[in-house]
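Grab a pencil and work through these exercises on one protein chain. Try each task yourself before you read the solution.

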Amino acid sequence: MMLLIKFFLLLLLNYAVINLSTEIDLYQLGNDFLFLFPISYSSLAISTFFAELFVCISVVVVTLILIQVFRPFIEIYLLHYFKYSFYLLINLLAVSTVYIVYRIYGYDRVYLLLYIVSSSVLQILFDKFKR
């Protein structure tokens with residue numbers, strides 16, 4: 001249940017980043033969808049909402065996977081750094097990976113920074129509630 005709530009909150013935060021960025025360019029991603037779904041310019045493939053939702057879900061899934069993969073190393077990491085910096089690093093890695101792989105340009109860096117900070121705080125709060 002907590003994982004589902006975390007998923008939707010991170011999805012909402014990332015969707016806010018994409019929607020608030022006025023210069024964001026998802027055109028290349030739409031072209032890639034047309035290559036994958038060659039149904040004569042499918043309205044689903046060129047839909048900006050579908051592209052935005054696809055990017056948001058990808059960022060959240062990569063974030064949650066990275067947290068699970070690096071969970072055993074958190075104890076070692078905490079010996080030298082803060083737990084907050086661990087989540088900051090995970091969120092930065094997930095967002096940058098997805099945005100680079102999908103060739104998304106024009107996002108607002110201030111909103112992206114706010115996403116990384118707020119999602120890290122959110123994950124710390126979820127860890128406190130879990131205990």
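Helices (H or I, at least four residues) and strands (E, at least two) are DSSP runs, numbered from the N terminus. This is a predicted model, where local features need pLDDT of at least 70, side-chain atom pairs count only at pLDDT 80 or more, and totals for chains, interfaces and linings use all residues. Residues are numbered from 1 along each chain as its sequence is written, and side-chain values use heavy atoms, with hydrogens and water left out.

**Exercise 1. Find which residue just after α5 takes a positive phi.**

Solution.
Step 1: Go to the end of α5 and look just beyond; Arg-103 has a positive phi of about 55° there.
Step 2: Place the residue: Arg-103 sits in the loop between α5 and α6.
Step 3: Notice the residue type, since this positive value turns up in a residue other than glycine.
Step 4: Check the exposure. Buried means under 20% relative accessible area, exposed over 50%, and partly exposed in between (1.4 Å probe, protein chains only). Arg-103 has a relative accessible area of 34%, so it's partly exposed.

**Exercise 2. Work out how many helices and strands the chain has, and what share of its residues is buried.**

Solution.
Step 1: Count the elements: you get six helices and zero strands.
Step 2: Write them in sequence order, and the pattern reads α-α-α-α-α-α.
Step 3: For burial, 37% of the 131 residues in the chain are buried.
Step 4: Now try contacts (heavy atoms within 4.5 Å). Take those between residues at least 6 apart in sequence: 78% of them join residues at least 24 apart.

**Exercise 3. Compare the span of α1, α5 and α6 with the expected span.**

Solution.
Step 1: Get the rule: the expected span is 1.5 Å times one less than the number of residues in the helix.
Step 2: α1 has 19 residues and reaches 27 Å from its first C-alpha to its last, close to the expected 27 Å.
Step 3: α5 also gives agreement, because its 19 residues should span 27 Å and its end C-alpha atoms are 27 Å apart.
Step 4: α6 (residues 109-130) has 22 residues and reaches 31 Å, close to the 32 Å expected.

**Exercise 4. Which residues of α1 are buried, and what do they pack against?**

Solution.
Step 1: List the buried residues of α1: Lys-6, Phe-7, Leu-10, Leu-11, Asn-14, Val-17 and Ile-18.
Step 2: Look down the axis. These residues cover an arc of only 130° (the arc of the directions from the helix axis to the C-beta atoms), so they lie on the same side of α1.
Step 3: Find the partners: the buried residues of α1 pack against α3, α5 and α6.
Step 4: Turn to α6, whose buried residues include Leu-112, Tyr-115, Ile-116 and Phe-126; its buried residues pack against α1 (2-20), α3 (48-70) and α5 (83-101).
Step 5: Link the two helices: Ile-5, found in α1, and Phe-126 are 121 residues apart in sequence and 9.5 Å apart in space, C-alpha to C-alpha.

**Exercise 5. Which residues touch the most other members of the largest nonpolar core?**

Solution.
Step 1: Fix the term: a nonpolar core is a set of buried Ala, Val, Leu, Ile, Met, Phe, Trp, Tyr and Cys residues joined through side-chain atoms within 4.5 Å.
Step 2: Of the 25 residues in the largest one, Ile-18, Val-55, Val-59, Tyr-99, Ile-104 and Tyr-115 touch the most other members.
Step 3: See who contributes: α1, α2 (27-36), α3, α5 and α6 each give two or more residues, and α3 gives the largest share, six residues.
Step 4: Don't miss a second, separate core of eight residues, which includes Ile-67, Phe-86, Tyr-87 and Ile-90.

**Exercise 6. Classify the aromatic pair of Phe-54 and Tyr-102.**

Solution.
Step 1: Recall the cut-offs: rings of Phe, Tyr and Trp (its six-membered ring) pair if their centres lie within 6.5 Å; planes under 30 degrees apart count as stacked, over 60 as edge-to-face and the rest as tilted.
Step 2: A search of the whole structure finds six aromatic pairs. Phe-54 and Tyr-102 are 5.3 Å centre to centre with 40° between the planes, a tilted pair.
Step 3: Phe-54 lies in α3 and Tyr-102 in the loop between α5 and α6, so the pair ties together parts that are 48 residues apart in sequence.
Step 4: Add Phe-50, and Phe-50, Phe-54 and Tyr-102 form one aromatic cluster.
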